[in-house]
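Hello,

Here is the structure I promised to pass on to you. Please open it next to this email and follow along as you read.

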Amino acid sequence: MNPAITLPKLSSKNPSHKEAIISVLGSRWPLSTKDIYSEIQRLSDANGFSYQATHKTIQQLVEEKIISKKGKNYELSQEWINRLKNFSTALSDKYSNKNNQEITPEFEGTIKWHFDDLSVFSLEMLKLITNIAKWNNSKECGVALLRHPWFPFNFKFIDFAVFIDMLKLTKGGYVVLQCDAPFDRWITKQYLGSGVTDVKLGVKELNLEHDILIFQDIIIQASFSEETRQLQDEVYSKVHDLGDLLQEFVFQRHAHKKVDIEVLITKNPALSKTMRDQLVEKYFGVKN
């Protein structure tokens, strides 16, 4: 029998029969109908359901593919768990970015975005850069001046595919990093291995007040609160590779730490080209 896992309750008082069964199977599984009924009766706020009603409700949940039968016992359906997880992730991402105006190929001027999650920020930047590459279909390389590379802390392997797709679509590019921590070096290897033209690490003279990324006709400026910078410095100094990153965040060591990131996204073809050309020549000696 599996160890207990606490599921969030939909209501604290008088739960429905279905909710009570799901809650029980979220704590221990697989269980027989008799075991499920006994567990429900133990709950002070979930008693009063008969054995016959429990059996009937279990069959309904099986038909609805919320729970599945394993021999004579029952457990939550993996298909339902996956649907719930995907919905939760999509909802979380949507709410994290709910106040940010959508950027389309036709946008003009400057748009301000705000983030309170480093992982959502990193992924939204990857998606934005990927979209810009698709919209313009340009061969121009981008350039970025960053304290640390943008990378999701709460990493999922699907995120790595987004990261690689972005690098493939952007066809090269140049990155200058102010810091030279272990995780900076690991991400630099991923950059260079995926097509980035060149990266310079530990350029202290940058002394950045905000990160700058210039790609095609877009200038992205990201400003991090002091608390956010401290969190970045702490994680990048401790993490040497993806395995270390997963350990840090699987165990939720930083989950309680709030961040504050303000992003200005400006469309200015003339200024972006001038800045890009000057920066690439200054740091890499390359004239476009």
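Start with the hairpin of S7 and S8: two residues lie between its strands, and glutamine 216 takes a positive phi near 55° there. Please keep in mind that this is a predicted model.

How do the two strands of that hairpin pair? Strand S7 (residues 211–215) runs antiparallel to S8, and five bridges join them. To find your way along this pairing, look for aspartate 211, which stands opposite alanine 222 in S8.

S8 also has a partner in strand S9 (residues 261–267), again in the antiparallel sense, this time over seven bridges. A handy landmark here is phenylalanine 224, which stands opposite isoleucine 261 in S9.

Is S8 largely enclosed or open? Five of the seven residues of S8 (residues 218–224) are buried, so the rest of the structure largely encloses this strand.

Now please turn to the helices. The axes of helix H1 (residues 17–27) and helix H2 (residues 33–42) come within 10 Å of each other and cross at roughly 105°. Because angles of 65 to 115 degrees count as roughly perpendicular, that crossing makes H1 roughly perpendicular to H2.

Which residues meet where these helices touch? From H1 come His17, Ala20, Ile21, Val24 and Leu25, and from H2 come Ile36, Glu39 and Ile40. Sorted by type, the residues of this contact are six nonpolar, one polar and one charged.

Enjoy exploring, and write back whenever you like.

Best wishes

Conventions: Residues are numbered from 1 along each chain as its sequence is written. This is a predicted model: local features need pLDDT of at least 70, side-chain atom pairs count only at pLDDT 80 or more; totals for chains, interfaces and linings use all residues. Side-chain values use heavy atoms; hydrogens and water are left out. Axes are lines fitted to C-alpha atoms, for helices over the stretch in contact, and angles run from 0 to 180 degrees between N-to-C directions. Helices (H or I, at least four residues) and strands (E, at least two) are DSSP runs, numbered from the N terminus. Angles under 35 degrees count as roughly parallel, over 145 as roughly antiparallel, 65 to 115 as roughly perpendicular and the rest as oblique. Contact means heavy atoms within 4.5 Å. Ala, Val, Leu, Ile, Met, Phe, Trp, Tyr, Cys and Pro count as nonpolar, Asp, Glu, Lys and Arg as charged, and the others, Gly among them, as polar. Buried means under 20% relative accessible area, exposed over 50%, partly exposed in between (1.4 Å probe, protein chains only). Two strands pair if DSSP finds at least two bridges between them.
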